[in-house]
Amino acid sequence: MARAFGVGAAMLVVVSAFFAPAVTAQTGSCDDPLPTELVGNYSGMACSPVWNNFVLRYAQDGDNVLRVVLSAMYSSGWVGMAFSKDGLMVGSSAMVGWVGKKGQAHVKQFALNGKAPSMVVADRGFLVSNGHAHTVLVKQAKIYLAFQLNFDSQLKKQQVLFAFGSAIPVNDRLAEHQGKTSMTFDFTTGSSSGSSFPSGLKRTHGALNLFAWGVLLPIGAIIARYCRGWDPLWFYLHGGIQFVGFILGLAGVVAGVSLYGKIQADVPAHRGLGIFVLVLGILQILAFFLRPNKDSKYRKYWNWYHHWVGRLVLFFAAVNIVLGIKVGGAGNSWKIGYGFNLAILLITIITLEVLVWTRWKNNSGPTTTY
(Lines give C-alpha, C1' and ligand atoms only; values in the text may rest on other atoms or scores of the structure.)
Protein backbone atom coordinates (compact mmCIF):
# COMPACT_ATOMS: atom_id res chain seq x y z
CA MET A 1 0.00 0.00 0.00
CA ALA A 2 3.00 2.27 0.40
CA ARG A 3 3.18 2.74 -3.38
CA ALA A 4 -0.02 4.82 -3.21
CA PHE A 5 1.52 7.29 -0.79
CA GLY A 6 3.25 9.20 -3.59
CA VAL A 7 -0.13 10.33 -4.89
CA GLY A 8 -1.85 10.19 -1.51
CA ALA A 9 0.69 12.50 0.10
CA ALA A 10 -0.32 15.24 -2.29
CA MET A 11 -3.85 14.99 -0.96
CA LEU A 12 -2.74 15.68 2.61
CA VAL A 13 -2.08 19.36 1.91
CA VAL A 14 -5.77 20.21 2.39
CA VAL A 15 -5.97 23.50 4.21
CA SER A 16 -8.68 24.66 6.57
CA ALA A 17 -11.29 26.87 4.96
CA PHE A 18 -14.12 28.76 6.55
CA PHE A 19 -17.29 30.14 5.07
CA ALA A 20 -17.24 33.89 4.55
CA PRO A 21 -20.26 35.95 5.54
CA ALA A 22 -22.62 36.70 2.68
CA VAL A 23 -22.35 40.18 1.17
CA THR A 24 -25.40 41.91 -0.23
CA ALA A 25 -24.38 43.36 -3.57
CA GLN A 26 -26.84 46.24 -3.58
CA THR A 27 -26.12 49.17 -5.86
CA GLY A 28 -25.26 52.38 -4.03
CA SER A 29 -27.20 55.56 -4.78
CA CYS A 30 -26.36 59.26 -4.64
CA ASP A 31 -30.01 60.14 -3.90
CA ASP A 32 -29.65 59.73 -0.14
CA PRO A 33 -28.71 63.05 1.50
CA LEU A 34 -25.66 63.43 3.68
CA PRO A 35 -26.23 63.31 7.44
CA THR A 36 -26.66 66.78 8.87
CA GLU A 37 -23.49 66.35 10.93
CA LEU A 38 -21.44 66.31 7.70
CA VAL A 39 -23.18 69.03 5.72
CA GLY A 40 -21.00 71.87 7.02
CA ASN A 41 -17.60 70.52 5.98
CA TYR A 42 -18.66 68.16 3.21
CA SER A 43 -21.34 69.93 1.18
CA GLY A 44 -21.20 70.71 -2.53
CA MET A 45 -19.52 67.45 -3.48
CA ALA A 46 -19.66 65.35 -6.62
CA CYS A 47 -21.03 61.85 -6.14
CA SER A 48 -20.48 58.52 -7.84
CA PRO A 49 -21.56 54.93 -6.99
CA VAL A 50 -18.31 52.99 -7.23
CA TRP A 51 -18.80 49.37 -6.16
CA ASN A 52 -21.56 47.21 -4.66
CA ASN A 53 -23.27 49.59 -2.21
CA PHE A 54 -20.24 51.89 -1.87
CA VAL A 55 -20.88 55.52 -2.80
CA LEU A 56 -18.03 58.01 -3.15
CA ARG A 57 -18.60 61.73 -2.61
CA TYR A 58 -15.61 63.98 -3.27
CA ALA A 59 -14.46 67.52 -3.93
CA GLN A 60 -11.11 69.26 -4.49
CA ASP A 61 -10.26 72.89 -3.82
CA GLY A 62 -7.57 75.26 -5.00
CA ASP A 63 -5.25 74.23 -2.17
CA ASN A 64 -5.21 70.63 -3.47
CA VAL A 65 -7.25 69.40 -0.53
CA LEU A 66 -9.38 66.38 -1.37
CA ARG A 67 -12.55 65.98 0.69
CA VAL A 68 -14.07 62.51 0.67
CA VAL A 69 -17.17 60.90 2.12
CA LEU A 70 -17.37 57.16 1.53
CA SER A 71 -20.69 55.54 2.45
CA ALA A 72 -21.78 51.90 2.47
CA MET A 73 -24.30 49.57 4.09
CA TYR A 74 -23.07 48.69 7.55
CA SER A 75 -23.83 46.49 10.53
CA SER A 76 -20.37 45.97 12.04
CA GLY A 77 -16.74 45.74 11.03
CA TRP A 78 -14.81 48.30 9.01
CA VAL A 79 -14.74 50.03 5.63
CA GLY A 80 -11.76 51.55 3.88
CA MET A 81 -10.47 53.40 0.84
CA ALA A 82 -6.85 53.06 -0.22
CA PHE A 83 -4.73 55.15 -2.57
CA SER A 84 -2.29 53.11 -4.64
CA LYS A 85 0.52 53.82 -7.07
CA ASP A 86 0.04 50.63 -9.08
CA GLY A 87 -3.45 49.31 -8.29
CA LEU A 88 -2.12 46.78 -5.78
CA MET A 89 -2.94 46.58 -2.10
CA VAL A 90 0.65 46.12 -0.96
CA GLY A 91 2.42 49.45 -0.88
CA SER A 92 -0.73 51.55 -0.70
CA SER A 93 -2.10 53.70 2.14
CA ALA A 94 -5.69 53.49 3.32
CA MET A 95 -8.16 55.53 5.31
CA VAL A 96 -10.23 53.11 7.39
CA GLY A 97 -13.22 53.77 9.61
CA TRP A 98 -15.28 51.74 12.04
CA VAL A 99 -17.45 51.99 15.12
CA GLY A 100 -16.27 50.07 18.17
CA LYS A 101 -18.31 47.79 20.37
CA LYS A 102 -18.97 50.64 22.80
CA GLY A 103 -19.99 53.03 20.04
CA GLN A 104 -16.70 54.89 19.69
CA ALA A 105 -15.92 56.17 16.20
CA HIS A 106 -12.47 55.41 14.79
CA VAL A 107 -10.76 56.78 11.68
CA LYS A 108 -7.15 55.87 11.05
CA GLN A 109 -4.65 55.74 8.25
CA PHE A 110 -3.04 52.36 7.64
CA ALA A 111 0.12 51.53 5.74
CA LEU A 112 -0.56 48.35 3.78
CA ASN A 113 2.95 46.92 3.80
CA GLY A 114 1.83 43.33 3.18
CA LYS A 115 -1.13 40.98 3.22
CA ALA A 116 -0.55 39.59 6.71
CA PRO A 117 -2.41 41.44 9.51
CA SER A 118 0.92 42.26 11.16
CA MET A 119 1.99 44.09 8.00
CA VAL A 120 -1.04 46.42 8.07
CA VAL A 121 0.21 49.19 10.35
CA ALA A 122 -1.99 51.86 11.92
CA ASP A 123 -1.03 55.55 11.93
CA ARG A 124 1.44 55.03 9.09
CA GLY A 125 1.31 55.73 5.37
CA PHE A 126 2.05 58.37 2.75
CA LEU A 127 -1.30 60.21 2.92
CA VAL A 128 -1.13 63.73 4.40
CA SER A 129 -4.04 65.22 6.31
CA ASN A 130 -2.35 68.26 7.96
CA GLY A 131 -4.58 68.05 11.00
CA HIS A 132 -7.89 67.92 9.11
CA ALA A 133 -10.66 66.36 11.18
CA HIS A 134 -11.85 62.92 10.14
CA THR A 135 -15.28 61.58 11.01
CA VAL A 136 -17.22 58.32 11.07
CA LEU A 137 -20.99 58.22 11.44
CA VAL A 138 -23.54 55.41 11.30
CA LYS A 139 -27.01 56.49 10.20
CA GLN A 140 -29.88 54.24 9.12
CA ALA A 141 -27.68 51.15 8.65
CA LYS A 142 -25.10 53.10 6.65
CA ILE A 143 -21.59 54.08 7.61
CA TYR A 144 -20.14 57.40 6.47
CA LEU A 145 -16.36 57.67 6.44
CA ALA A 146 -15.37 61.33 5.97
CA PHE A 147 -11.80 62.56 5.64
CA GLN A 148 -9.68 65.27 4.04
CA LEU A 149 -6.26 64.80 2.47
CA ASN A 150 -3.60 67.12 1.08
CA PHE A 151 -1.89 66.37 -2.23
CA ASP A 152 0.86 68.12 -4.16
CA SER A 153 -1.48 68.75 -7.09
CA GLN A 154 -5.06 68.18 -8.15
CA LEU A 155 -5.89 64.51 -8.44
CA LYS A 156 -6.98 63.37 -11.87
CA LYS A 157 -6.85 59.65 -12.62
CA GLN A 158 -5.94 57.86 -9.41
CA GLN A 159 -5.76 54.15 -8.67
CA VAL A 160 -7.87 53.43 -5.61
CA LEU A 161 -9.05 50.38 -3.70
CA PHE A 162 -12.20 49.81 -1.67
CA ALA A 163 -12.64 47.09 0.93
CA PHE A 164 -14.70 46.07 3.93
CA GLY A 165 -14.39 43.59 6.77
CA SER A 166 -17.03 42.11 9.07
CA ALA A 167 -14.92 42.02 12.26
CA ILE A 168 -14.47 45.09 14.45
CA PRO A 169 -10.74 45.90 14.71
CA VAL A 170 -9.13 45.23 18.09
CA ASN A 171 -6.09 47.26 19.11
CA ASP A 172 -6.05 48.79 15.62
CA ARG A 173 -5.54 45.38 13.98
CA LEU A 174 -7.63 44.89 10.86
CA ALA A 175 -9.09 41.44 10.25
CA GLU A 176 -8.98 40.11 6.70
CA HIS A 177 -11.37 41.88 4.33
CA GLN A 178 -14.51 40.11 3.18
CA GLY A 179 -14.68 42.02 -0.10
CA LYS A 180 -12.38 44.27 -2.11
CA THR A 181 -11.91 45.87 -5.49
CA SER A 182 -9.51 48.20 -7.25
CA MET A 183 -10.08 50.69 -10.03
CA THR A 184 -8.77 53.78 -11.71
CA PHE A 185 -11.02 56.65 -10.63
CA ASP A 186 -11.06 59.98 -12.46
CA PHE A 187 -11.59 62.75 -9.88
CA THR A 188 -12.20 65.29 -12.64
CA THR A 189 -15.07 63.46 -14.36
CA GLY A 190 -16.28 60.97 -11.74
CA SER A 191 -15.79 58.03 -14.09
CA SER A 192 -13.96 54.81 -13.35
CA SER A 193 -12.23 52.55 -15.82
CA GLY A 194 -12.78 49.38 -13.91
CA SER A 195 -10.23 47.41 -12.04
CA SER A 196 -6.64 48.33 -12.73
CA PHE A 197 -5.64 44.93 -11.35
CA PRO A 198 -5.76 42.07 -13.90
CA SER A 199 -8.10 39.97 -11.78
CA GLY A 200 -9.47 38.15 -14.82
CA LEU A 201 -5.98 37.00 -15.73
CA LYS A 202 -5.36 35.94 -12.14
CA ARG A 203 -8.55 33.86 -12.13
CA THR A 204 -7.59 32.29 -15.46
CA HIS A 205 -4.15 31.39 -14.11
CA GLY A 206 -5.64 29.84 -10.99
CA ALA A 207 -8.49 28.00 -12.71
CA LEU A 208 -6.32 26.47 -15.45
CA ASN A 209 -3.65 25.27 -13.06
CA LEU A 210 -6.10 23.95 -10.46
CA PHE A 211 -8.06 21.99 -13.08
CA ALA A 212 -4.96 20.71 -14.90
CA TRP A 213 -2.50 19.92 -12.09
CA GLY A 214 -5.09 19.37 -9.37
CA VAL A 215 -7.85 17.44 -11.17
CA LEU A 216 -6.95 16.00 -14.58
CA LEU A 217 -3.40 14.81 -13.87
CA PRO A 218 -4.35 13.03 -10.60
CA ILE A 219 -7.23 11.30 -12.42
CA GLY A 220 -4.83 10.18 -15.15
CA ALA A 221 -2.45 8.80 -12.53
CA ILE A 222 -5.30 6.95 -10.80
CA ILE A 223 -6.26 5.29 -14.10
CA ALA A 224 -2.65 4.16 -14.69
CA ARG A 225 -2.39 2.74 -11.18
CA TYR A 226 -5.73 1.03 -10.72
CA CYS A 227 -7.25 0.36 -14.16
CA ARG A 228 -4.66 -1.94 -15.75
CA GLY A 229 -7.37 -4.55 -16.23
CA TRP A 230 -8.85 -2.39 -19.00
CA ASP A 231 -5.91 -3.09 -21.29
CA PRO A 232 -5.30 -1.39 -23.67
CA LEU A 233 -7.98 1.21 -22.88
CA TRP A 234 -6.26 2.31 -19.67
CA PHE A 235 -3.11 3.23 -21.60
CA TYR A 236 -4.93 5.49 -24.06
CA LEU A 237 -7.02 7.07 -21.29
CA HIS A 238 -3.92 7.68 -19.18
CA GLY A 239 -1.90 9.12 -22.05
CA GLY A 240 -4.76 11.25 -23.38
CA ILE A 241 -5.77 12.69 -20.02
CA GLN A 242 -2.18 13.45 -19.03
CA PHE A 243 -1.49 15.13 -22.37
CA VAL A 244 -4.60 17.35 -22.12
CA GLY A 245 -3.78 18.09 -18.48
CA PHE A 246 -0.22 19.11 -19.35
CA ILE A 247 -1.38 21.39 -22.18
CA LEU A 248 -3.89 23.12 -19.89
CA GLY A 249 -1.27 23.33 -17.15
CA LEU A 250 1.19 24.86 -19.59
CA ALA A 251 -1.46 27.42 -20.57
CA GLY A 252 -1.91 28.18 -16.87
CA VAL A 253 1.83 28.72 -16.49
CA VAL A 254 1.84 31.07 -19.49
CA ALA A 255 -1.01 33.03 -17.86
CA GLY A 256 1.04 33.16 -14.66
CA VAL A 257 4.07 34.53 -16.49
CA SER A 258 1.88 37.18 -18.10
CA LEU A 259 0.34 38.02 -14.72
CA TYR A 260 3.77 38.38 -13.14
CA GLY A 261 4.81 40.71 -15.95
CA LYS A 262 1.86 42.96 -15.16
CA ILE A 263 2.00 43.08 -11.35
CA GLN A 264 5.53 41.92 -10.43
CA ALA A 265 4.14 40.00 -7.46
CA ASP A 266 6.62 39.09 -4.74
CA VAL A 267 5.85 35.35 -4.53
CA PRO A 268 9.23 33.58 -4.88
CA ALA A 269 8.08 30.29 -3.34
CA HIS A 270 5.04 30.04 -5.60
CA ARG A 271 7.05 30.92 -8.71
CA GLY A 272 9.89 28.57 -7.80
CA LEU A 273 7.57 25.62 -7.17
CA GLY A 274 5.69 26.38 -10.37
CA ILE A 275 8.88 26.27 -12.42
CA PHE A 276 9.97 23.06 -10.69
CA VAL A 277 6.62 21.36 -11.36
CA LEU A 278 6.68 22.49 -15.01
CA VAL A 279 10.19 21.07 -15.52
CA LEU A 280 9.14 17.73 -14.01
CA GLY A 281 6.07 17.73 -16.26
CA ILE A 282 8.22 18.33 -19.35
CA LEU A 283 10.51 15.47 -18.30
CA GLN A 284 7.46 13.21 -18.06
CA ILE A 285 6.40 14.14 -21.58
CA LEU A 286 9.91 13.49 -22.90
CA ALA A 287 10.03 10.17 -21.04
CA PHE A 288 6.91 9.03 -22.86
CA PHE A 289 8.67 9.36 -26.21
CA LEU A 290 11.82 7.66 -24.90
CA ARG A 291 10.00 4.66 -23.42
CA PRO A 292 11.94 1.40 -23.94
CA ASN A 293 10.24 -1.71 -25.27
CA LYS A 294 8.61 -4.03 -22.74
CA ASP A 295 11.36 -6.64 -23.17
CA SER A 296 14.18 -4.12 -22.76
CA LYS A 297 16.43 -4.55 -19.73
CA TYR A 298 16.09 -0.82 -19.10
CA ARG A 299 12.29 -0.91 -18.93
CA LYS A 300 12.12 -1.47 -15.16
CA TYR A 301 14.34 1.54 -14.54
CA TRP A 302 12.18 3.63 -16.83
CA ASN A 303 9.09 2.47 -14.91
CA TRP A 304 10.64 3.51 -11.57
CA TYR A 305 11.58 6.88 -12.98
CA HIS A 306 8.20 7.50 -14.61
CA HIS A 307 6.18 6.44 -11.56
CA TRP A 308 8.12 8.42 -8.95
CA VAL A 309 8.63 11.56 -10.99
CA GLY A 310 4.88 11.52 -11.66
CA ARG A 311 4.19 11.29 -7.92
CA LEU A 312 6.56 14.16 -7.25
CA VAL A 313 4.76 16.25 -9.87
CA LEU A 314 1.39 15.63 -8.24
CA PHE A 315 2.67 16.27 -4.72
CA PHE A 316 4.44 19.56 -5.46
CA ALA A 317 1.60 20.68 -7.76
CA ALA A 318 -0.86 20.21 -4.88
CA VAL A 319 1.42 22.14 -2.52
CA ASN A 320 1.77 24.94 -5.04
CA ILE A 321 -1.97 25.15 -5.69
CA VAL A 322 -2.57 25.63 -1.96
CA LEU A 323 0.23 28.19 -1.85
CA GLY A 324 -1.20 29.99 -4.87
CA ILE A 325 -4.65 30.17 -3.30
CA LYS A 326 -3.07 31.68 -0.20
CA VAL A 327 -0.76 34.27 -1.79
CA GLY A 328 -3.38 35.17 -4.40
CA GLY A 329 -5.90 36.09 -1.73
CA ALA A 330 -8.50 33.80 -3.29
CA GLY A 331 -11.88 33.59 -1.63
CA ASN A 332 -13.10 30.82 0.61
CA SER A 333 -14.93 29.25 -2.33
CA TRP A 334 -11.53 28.38 -3.87
CA LYS A 335 -10.26 26.94 -0.59
CA ILE A 336 -13.37 24.87 0.02
CA GLY A 337 -13.63 23.74 -3.59
CA TYR A 338 -10.04 22.57 -3.81
CA GLY A 339 -10.18 21.02 -0.35
CA PHE A 340 -13.28 19.06 -1.40
CA ASN A 341 -11.50 17.97 -4.58
CA LEU A 342 -8.48 16.74 -2.60
CA ALA A 343 -10.71 14.89 -0.15
CA ILE A 344 -12.54 13.07 -2.99
CA LEU A 345 -9.23 12.10 -4.62
CA LEU A 346 -7.78 10.87 -1.34
CA ILE A 347 -10.86 8.77 -0.50
CA THR A 348 -10.82 7.30 -4.01
CA ILE A 349 -7.12 6.39 -3.79
CA ILE A 350 -7.44 4.79 -0.34
CA THR A 351 -10.49 2.77 -1.42
CA LEU A 352 -8.88 1.52 -4.64
CA GLU A 353 -5.60 0.75 -2.87
CA VAL A 354 -7.38 -1.34 -0.25
CA LEU A 355 -9.16 -3.26 -3.02
CA VAL A 356 -5.87 -3.84 -4.90
CA TRP A 357 -4.06 -5.16 -1.85
CA THR A 358 -7.01 -7.27 -0.78
CA ARG A 359 -7.10 -8.88 -4.23
CA TRP A 360 -3.33 -9.38 -4.18
CA LYS A 361 -3.47 -11.00 -0.75
CA ASN A 362 -6.26 -13.34 -1.76
CA ASN A 363 -4.41 -14.41 -4.91
CA SER A 364 -1.08 -14.94 -3.12
CA GLY A 365 -0.17 -18.40 -1.92
CA PRO A 366 0.89 -18.75 1.72
CA THR A 367 4.33 -20.05 0.75
CA THR A 368 5.06 -17.34 -1.80
CA THR A 369 7.84 -14.92 -0.82
CA TYR A 370 8.55 -11.47 -2.26
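In this predicted model, a nonpolar patch of about 870 Å² sits on the surface, built from Ile-275, Val-279, Ile-282, Leu-283, Leu-286, Phe-288, Phe-289, Leu-290 and Tyr-305. Which helix gives the most to the nonpolar patch? That turns out to be α5, which spans residues 268–289 and puts in 7 residues. Leu-286 is a handy example, being a member of the patch and placed in helix α5. Its relative accessibility comes to 47%, so Leu-286 counts as partly exposed; the cut-off for calling a residue exposed is over 50%.

Helix α5 turns up again in the lining of a pocket. The pocket in question is the second largest, with a volume of about 1,100 Å³. It is lined by 38 residues, and those closest to its centre are Ala-224, Trp-234, His-238, His-306 and His-307. Four helices each supply at least two residues of this lining: α3 (199–226), α4 (233–263), α5 and α6 (299–327). Of the contributors, α6 gives the most, with 9 residues. As for chemistry, the lining of the second largest pocket splits into 21 nonpolar, 9 polar and 8 charged residues.

Next come the charged pairs. Side chains of opposite charge can pair when their charged atoms come close. How many salt bridges does the count come to? The tally for this model is 5. One of them joins Lys-139 to Glu-37, with the closest N and O atoms 2.9 Å apart. This pair links distant parts of the chain, given that Lys-139 belongs to strand β8 (residues 135–139) and Glu-37 to helix α2 (residues 36–42), 102 residues apart. Are the two partners buried or partly exposed? Lys-139 has a relative accessible area of 34%, so it is partly exposed. Glu-37 is partly exposed too, with a relative accessible area of 46%.

A network of salt bridges links Lys-108, Asp-123 and Asp-172. In one arm of the network, Asp-123 pairs with Lys-108, and the closest N and O atoms are 3.5 Å apart. Asp-123 is found in the loop between β7 (120–122) and β8, while Lys-108 is in strand β6 (residues 105–112), so this bridge ties together parts that are 15 residues apart in sequence. In the other arm, the side chains of Asp-172 and Lys-108 meet with an N to O distance of 3.7 Å. Here Asp-172 comes from the loop between β10 (157–165) and β11 (179–186), so its pairing with Lys-108 of strand β6 ties together parts that are 64 residues apart in sequence.

The members of this network can also be sorted by how much of each is accessible. Lys-108 has a relative accessible area of 18%, so it is buried, the cut-off for that label being under 20%. Asp-123, by contrast, is partly exposed, with a relative accessible area of 47%. Asp-172 counts as partly exposed as well, because its relative accessibility is 25%.

Finally, a few residue pairs sit far apart in sequence and can be compared with their spacing in the fold. Ile-349 belongs to helix α7 (residues 332–363), and with a relative accessible area of 4% it is buried. Between Ile-349 and Arg-225 there are 9.5 Å in space, C-alpha to C-alpha, for a separation of 124 residues in sequence. Gly-214, in helix α3, also counts as buried, at 3% relative accessibility. What is the distance in space between Gly-214 and Leu-342, C-alpha to C-alpha? The model puts these two residues 8.0 Å apart, although they are 128 residues apart in sequence.

A strand residue offers another such case. Val-65 is part of strand β3 (residues 65–73), and it counts as buried because its relative accessibility is 7%. Along the chain, Val-65 and Ser-129 are 64 residues apart, yet their C-alpha atoms are separated by 8.6 Å.

Conventions: Residues numbered from 1 in each chain as written. Predicted model: local features only at pLDDT ≥ 70, side-chain atom pairs only at ≥ 80, totals over all residues. Heavy atoms only, no water. Patch = residues over 30% accessible without salt bridge, like charges linked within 9 Å, V, L, I, M, F, W, Y side chains within 5 Å. Areas by Shrake-Rupley, 256 points an atom, 1.4 Å probe, with all protein chains shown as cover. Salt bridge = Lys/Arg side-chain N within 4 Å of Asp/Glu carboxyl O. Buried < 20%, exposed > 50% of the residue type's maximum accessible area, 1.4 Å probe, protein only. 1 Å grid on protein atoms, 1.4 Å probe; cavity = no way out; pocket = protein on both sides within 12 Å on 5 of 7 lines; lining within 4 Å. Points joined across faces, edges and corners; volume = space filled by probe spheres on them. Nonpolar A, V, L, I, M, F, W, Y, C, P; charged D, E, K, R; others polar.
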